[in-house]
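This report describes the packing, the domain arrangement and the ligand surroundings of one protein chain. The structure is shown first.

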Amino acid sequence: MSSEKRPGTMTTSGSWSGRPAGVPGAVPPPSVPLSFLMAASVGLIACGVAWAWVRRAAAANPNSDPAIAAVHFGVLAALTMGILGATHQFAAVITGRPLRSVLLARATFVAWLAASWLLPIGIGFEQTAVTAASGGFALLGLLLLAWNLAAPLSVRGKGAPVTALRLALLGAAATTLLGATFVGDRQGNWFVLSAHADLAMGVLGLFAWLGVTYIGVAQKLWPMFMLAHMAGRHRVGTVAVWATWLGAAVLAGGLAHGTLVAEWAGAGALGIGLGAHLVSLWAHLRHRRRKADLHVLFVVTAAAWLVVAAGLALPGALLLPHHYRTGVALVAAAMVASGGWLLEALVGHVHKVEPFIVWSLLRSHGLRSGPSGKPLMFADLYHHGWAAATYGTVTAGIGALCAGLGASWPPAIAVGGALLAATGALVAANLSARPLHLLAAARTGTDLPVPAPTPPARVH
Ligand code: HEM
């Protein structure tokens, strides 16, 4: 139980002291991904509060500044922070190579944290200097991220997941540069920004950056979490990665330049990529040897949001030229459903990934047994009933927000916001309460009056 070394601190080899056997040497200290994931939960609370706050302005005009502020609490403070946490962890796991530097990772965290909060605050409260600062922090965060990840991502022959992370880095660069240009424009209104140009940023950020990261990393995580090992190379995964990224890039280019052919060609390729992602999920589900569990429910529901997004985007795009208001409302709802795809997947995977990371942290502090006295299991580290409740709040929250924006109905937007805020609070509390309790008990050497754990899950 005791720990003579300071667990979690770095050794000269880039590894960290106290790292338990079985955790690959390239993996960064737990504090790196955990800081991003905790920030994502707090960002989700802010996102929910912001939507409830701006419900009327957002219902009247989804392109208004209050709505743009709420959007960025969602896409930056919640989604980007969560996906960046996963990227720092899995770039090292997938490639088997460490990040260039843990210090760089911490600086990246601070830069993106500042960017993701200052941008919506600056836009929401009309503080141009604060908005400008956010653009600076985002550019800094991008540089640090690219410099740090270039080391592990230069590895050869690791397949679709590494390709996806490389493409995601390009997507991050495109999104951030476009964002910094938009921020620059807000200093002096130099050019007219159409709703189409705004949409281009949404497509780049959601699909060419965050989405392609999830699609690639899922190729690594699904076989593990579902015990679904497929013989040979899984080509559909590669198609999903490339077509999603290329489709998003062409669609965004078409939207930004107002080129209809590029818009439809890009949308078609994006549809193929996302379709391949769904086919890949179907193949994993069919080959899985683990019984259906909450993780599967999260992942399947996440996929369903993609179908909802397509079902809203198509009529939205067709209606836009003739019935502008209805078209904008439907497209806004489609963007929420697309963000919902990633949010539902993130919340679901975090209940698998974070206990694993926390487990290695607890082991590095010398903890060997769980509350029942048996060997410490991942399943001991959170309450499964609360996790199920979180599934309910996040799913209903996305649904209400989608309906509220689609029908321009403020009460539904407010309910969606409240449920998303509740989700952020539930995830943060549920995934940290038991580990903190175990740590405190380990430090003081007291018995552990933790409620009886649910039966340990078999985790590979
Ligand atoms: C994953 C990343 C991102 C996504 C998905 C995203 C998405 C969006 C969307 C959907 C809009 C339109 C919102 C609406 O009309 O209601 C928008 C606008 C905007 N975004 Fe982002 N964004 C991302 C990152 C960034 C970054 C990094 C910055 C700046 C550093 C930024 C700055 C802006 C600005 C200033 C606008 C408003 C443009 C205007 O004046 O109309 N975004 N973004």
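In this predicted model, the buried residues of α5 are Thr131, Ser134, Gly135, Ala138, Gly141, Leu142, Leu144, Leu145, Asn148, Leu149, Pro152 and Leu153. The partners against which these buried residues pack are α3, α4 and α6. Helix α5 comprises 26 residues, and its first and last C-alpha atoms lie 36 Å apart, close to the 38 Å expected at 1.5 Å a residue.

**Ligand surroundings**

Helix α5 is also one of the elements that line the ligand: α3, α4, α5, α6 and α7 each supply at least two residues of the shell. The shell comprises 30 residues, of which Gly179, Phe182, Asp198, Gly202 and Gly205 come nearest to the ligand. By class, 18 of the shell residues are nonpolar, ten are polar and two are charged.

**Domains and their contact**

The protein chain is divided into domain 1, residues 29-155, and domain 2, which is made up of residues 291-296 and 308-444. The centres of the two domains, taken over C-alpha atoms, are separated by 17 Å. Domain 1 brings 24 residues to the contact, and domain 2 brings 31 residues. On the side of domain 1 that touches domain 2, the elements giving two or more residues are α1 (31-53), α2 (55-60) and α3. Of these, α1 gives the most, with 13 residues. The class composition of that side of domain 1 is 17 nonpolar, five polar and two charged residues.

The table sets out the class composition of the ligand shell and of this contact side.

| Set of residues | Nonpolar | Polar | Charged |
|---|---|---|---|
| Shell around the ligand | 18 residues | ten residues | two residues |
| Side of domain 1 that touches domain 2 | 17 residues | five residues | two residues |

**Nonpolar core**

The largest nonpolar core has 153 residues. Within this core, the residues with the most contacts are Cys47, Ala70, Val203, Val212, Ala248, Ala333 and Ala337. Helix α11, spanning residues 324-364, gives the most to the core, with 23 residues. Both domain 1 and domain 2 are represented, each with at least three residues in the core.

Which residues does Ala70 touch, when residues up to four places away in sequence are not counted? The partners of Ala70 are Cys47, Ala50, Trp51, Val54 and Ala58. Of these partners, Cys47 is itself listed, like Ala70, among the core residues with the most contacts.

Conventions
Residues numbered from 1 in each chain as written. Predicted model: local features only at pLDDT ≥ 70, side-chain atom pairs only at ≥ 80, totals over all residues. Near = placed C-beta within 6 Å. Helix = DSSP H or I, 4+ residues; strand = E, 2+ residues; numbered from the N terminus. Nonpolar A, V, L, I, M, F, W, Y, C, P; charged D, E, K, R; others polar. Domains from an automatic or database assignment. Contact = placed C-beta atoms within 7 Å. Core = buried A, V, L, I, M, F, W, Y, C linked by C-beta atoms within 7 Å. Buried ≥ 20, exposed ≤ 12 C-beta atoms within 10 Å, placed from the backbone. Expected span 1.5 Å × (residues − 1).
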